[in-house]
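Me: I have a structure open and do not know how to read it. Can we go through some features together?

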Amino acid sequence: MIGKVVENWLTNTTEREYQLPFCQILSLKGHRVVHVSSHGQGEHGKDVVSYDPKGHLCAFQTKTDNIGVREWQNINGEINDLTKLKVSLSNVPTQKGWHKSYLVTNGRITSDVKNKIQIYNQSYKGNASYLKTIEYDELFGDFVQVSDKLIPTEIPDFSRFLSLLLADGKDILPNHDISKFLISILPLRTITKEPKKDFCRRSIANSLIMTNFIGQHYLVEKNHFALVDLWIMLCAHILAVAERFRLDDSQ
């Protein structure tokens, strides 16, 4: 069931929607994420920046859907910025060498584009960062593999979760059911012992992922009112956890 949920979410999500879950994947792989794009000016094609477990600087450009020759031509400027301009962030020391560059998409990259990338890498050897790719199959495998950390293996209120997944994206948000479901994931029920901060952090991460899944059909229907309502409800419940267990910004 989790595989089907991940598949449905990943094939319908946008680059902004899967960006934070992708950062969760990186963190679970040992990366230290130092930048997540607000999709503004001055980011030079770098949506996510991290240090990998060996301390190498990595920059990721996230895209949506399949990338063919036309799509490659459309993003060529961003790819040039990603690979040929060094990372320039206040919290990242000046680079001595080149960072690792990755083009990430929840679709697939055609063989013609892969050939262009190979030629592109050969052309800029020594003068820019090599461009590597992460496609749907790798993303899907990563999300499923770590689903026990990203998603509760036993969803406490599975029937309610299923009904929320199947709700009509054109309708108003079922606030009562959303609240009940979030309470079942987050440590907000009556408990005899205060949970550890790490447990609270994982629960909050789980709530973000699950809310992302639930919001997909509202996103597809462009039901922005319901989406705003959904994320406001999530924020309110997370703040309740933070207040109850005295979590600070670092936790």
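Me: Contacts can link residues close or distant along a chain. What share of the contacts with a separation of 6 or more comes from residues 24 or more positions apart?

Reply: The share is 70%. Keep in mind that this is a predicted model.

Me: Which helices and strands should I expect along the chain?

Reply: Look for eleven helices and five strands.

Me: How much of the chain counts as buried?

Reply: Buried means under 20% relative accessible area. Of the 251 residues, 45% count as buried. The accessible surface comes to about 13700 Å². Carbon and sulfur atoms hold 51% of that surface.

Me: Let us take one helix. What span should helix 5 have, and how far apart are its end C-alpha atoms?

Reply: Count 1.5 Å a residue. Helix 5 covers residues 111–123, so its 13 residues should span 18 Å. The end C-alpha atoms are 18 Å apart, which agrees.

Me: Which residues of helix 5 are buried?

Reply: Val113, Ile117, Tyr120 and Asn121 are buried there. They cover an arc of only 95° around the axis, so they lie on the same side of helix 5. Ser111 and Gln122, on the other side, are exposed.

Me: What covers the buried residues of helix 5?

Reply: The cover includes helix 3 (69–74), helix 4 (76–84) and strand 5 (131–134).

Me: Now a single residue. Is serine 203 buried or exposed?

Reply: Compare its relative accessible area with the 20% cut-off for buried. Serine 203 has 4%, so it is buried. Find serine 203 in helix 10, residues 197–220. Leaving aside neighbours within four places in sequence, serine 203 is in contact with Ile185, Leu186 and Pro187. Isoleucine 185 is 18 residues away along the chain, yet the two C-alpha atoms are separated by 6.4 Å.

Me: Where is leucine 188, and which residues is it in contact with?

Reply: Leucine 188 sits in the loop between helix 9 and helix 10. Beyond neighbours within four places in sequence, leucine 188 is in contact with Ile183, His237, Ala240, Val241 and Arg244. Histidine 237 is 49 residues along the chain from leucine 188, with 8.4 Å between their C-alpha atoms.

Me: Last, the surface. Which residues make a nonpolar surface patch?

Reply: Phe158, Leu162 and Leu166 make one of about 280 Å². Leucine 166 lies in the loop between helix 8 (158–165) and helix 9 (175–185). Exposed means over 50% relative accessible area. Leucine 166 has 67%, so it counts as exposed.

Terms used. Residues are numbered from 1 along each chain as its sequence is written. This is a predicted model: local features need pLDDT of at least 70, side-chain atom pairs count only at pLDDT 80 or more; totals for chains, interfaces and linings use all residues. Side-chain values use heavy atoms; hydrogens and water are left out. Helices (H or I, at least four residues) and strands (E, at least two) are DSSP runs, numbered from the N terminus. The expected span of a helix is 1.5 Å times one less than its number of residues. Buried means under 20% relative accessible area, exposed over 50%, partly exposed in between (1.4 Å probe, protein chains only). The arc is that of the directions from the helix axis to the C-beta atoms. Contact means heavy atoms within 4.5 Å. Patches are made of residues with over 30% relative accessible area and no salt bridge: like charges are joined within 9 Å, nonpolar side chains (Val, Leu, Ile, Met, Phe, Trp, Tyr) within 5 Å. Accessible areas come from the Shrake-Rupley method with a 1.4 Å probe; for residues, only the protein chains shown count as cover. A salt bridge is a side-chain nitrogen of Lys or Arg within 4 Å of a carboxyl oxygen of Asp or Glu.
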